[in-house]
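Dear colleague,

Please find below the structure that I am handing over to you. My findings follow it, arranged by topic so that they may be read alongside the model.

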Amino acid sequence: MAGASDDHRTARLWALAGGIASLLSILTWLGVSNAAELKDLLADPSPSSSSASPYMPPSPSRAPYTPPPTVDTPDGPDTGEGDTEEPDPEPSTPTPDPTEEAFKAISPGHCLAVYDTGRGGTTSIDWSADVPPDPVSCADGRAQVQVTATNRACPTGYGKSYWSYRSATTGDTTQLCLSRVYHATYCMLGQQSGDAISLGLMTAVACRREPVPAPYNQIMHITGVYRAPAGANANHCLRVAGDRTRYWAALVDDGATLVCTTIYQGG
């Protein structure tokens, strides 16, 4: 009986050892390495059957858990989050300068009904208009100057000048080179000192006796505009044989044109 009892105890010990071994295998599979982890595991409620697969802590027999990658998605239109790229502002269009446009509309060969009023004296020109008017035919009696060039250094000489405008809007300067157009029977200003008279060759004035701007003191009547002969002077202004009229003459257009004048005597 003693032998049978010993065999029974031995069998129970082997069964207990097998149970412990099975329990250790289960705990190892669950990743439990000590009593504290076992206690925490037993304290956690079991997940419901409808929930996602539970997180399994890493163990020597399982690959470490890797969370799914985070995917950046653009913010929705109503989230107000994230960087938004502001569109580039439209380039501003400068306000047009009508005076500059009027100057730029003038081309070489155009004739204009503008002239020097004489109010700038003999050292500067006071043009009769602030803005170039529409061109007129150079054969028209209203034509007082002809544009010979634009936006360049203007030639100088008797009967030549320039008209320029600098725009405060664009900062650009437009320049017109001008040559005077003379008409017989028209009048201009003169500055007399003794017998000598200096003609205001870019000026124009009504042919009537009235005060004139200083330093001018005469109204000069244009008696003729001629192609200048060789050695042209005031003696070539005589209109008939024995003409005793006193003439003052000027060579313009680089000496190609003779302009003859007298002191205006009309009322």
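**Findings**

T185 counts as exposed, because its relative accessibility is 52% and the exposed class begins over 50%. Please keep in mind throughout that this is a predicted model.

T185 is found in the loop between strand 4 and strand 5 (187-193). Its backbone deserves attention as well: T185 is not a glycine, yet its phi is positive, at about 85°.

**The chain as a whole**

The chain contains three helices and nine strands. Read from the N terminus, the order of these elements is α-α-α-β-β-β-β-β-β-β-β-β. The chain has 267 residues, and 27% of them are buried. Its accessible surface is about 18,000 Å², and carbon and sulfur atoms account for 54% of that surface.

How much of the contact pattern comes from residues 24 or more positions apart? Among the contacts with a separation of 6 or more, such residues account for 62%.

**Further points in the backbone**

N151 also has a positive phi, near 50°, and N151 is a residue other than glycine. This residue lies in the loop between strand 2 (145-150) and strand 3 (160-166). N151 is classed as exposed because its relative accessible area is 52%.

Another backbone feature concerns the peptide bond between A214 and P215, which is cis, with omega at about 5°. P215 belongs to the loop between strand 6 (196-199) and strand 7.

**Two buried residues**

Is T174 buried or exposed? With a relative accessibility of 3%, T174 counts as buried, because buried means under 20%. T174 is part of strand 4, which covers residues 173-180. When neighbours within four places in sequence are left aside, the residues in contact with T174 are E100, F103, K104, N151, W163, S164 and Y165. One of these contacts is N151, the residue described above with a positive phi near 50°.

A228 is placed in a loop, namely the one between strand 7 (218-227) and strand 8 (248-252). Its relative accessible area is 18%, and therefore A228 is buried. Which residues are in contact with A228, apart from its neighbours within four places in sequence? They are L251, G255, A256, T257 and L258. For T257, the C-alpha atom is separated from that of A228 by 4.8 Å, while the two residues are 29 residues apart along the chain.

**Charged side chains**

How many salt bridges does the structure hold? There are five salt bridges in the structure, and I describe some of them here.

One of them joins the side chains of R119 and D126, with an N to O distance of 3.5 Å. R119 is exposed, since its relative accessible area is 61%. D126, in contrast, is partly exposed, at 27%.

D140 and R142 form another salt bridge through their side chains, and here the N to O distance is 2.9 Å. D140 has a relative accessible area of 23% and so is partly exposed. R142 counts as exposed, with a relative accessibility of 52%.

The side chains of R208 and E210 also meet in a salt bridge, at 3.1 Å from N to O. R208 is partly exposed, with a relative accessible area of 45%. E210 is likewise counted as partly exposed, at 30% relative accessibility.

Charged residues also appear in a surface patch. E85, E86, D88 and E90 together form a negative surface patch. Within this patch, E86 is located in the loop between helix 2 (35-43) and helix 3 (98-104). E86 counts as exposed because its relative accessibility is 61%.

**Suggested order of reading**

You may wish to begin with T174, which is buried and lies in strand 4. From there you could turn to T185, in the loop between strand 4 and strand 5, where the residue is exposed. A228 may then be viewed together with T257, whose C-alpha atom is 4.8 Å from that of A228. The negative patch of E85, E86, D88 and E90 could be viewed last.

With kind regards

Key. Residues numbered from 1 in each chain as written. Predicted model: local features only at pLDDT ≥ 70, side-chain atom pairs only at ≥ 80, totals over all residues. Heavy atoms only, no water. Patch = residues over 30% accessible without salt bridge, like charges linked within 9 Å, V, L, I, M, F, W, Y side chains within 5 Å. Areas by Shrake-Rupley, 256 points an atom, 1.4 Å probe, with all protein chains shown as cover. Salt bridge = Lys/Arg side-chain N within 4 Å of Asp/Glu carboxyl O. Lys, Arg positive; Asp, Glu negative; His and termini not counted. Charge placed at Lys NZ, Arg CZ, Asp CG, Glu CD. Helix = DSSP H or I, 4+ residues; strand = E, 2+ residues; numbered from the N terminus. Buried < 20%, exposed > 50% of the residue type's maximum accessible area, 1.4 Å probe, protein only. Contact = heavy atoms within 4.5 Å.
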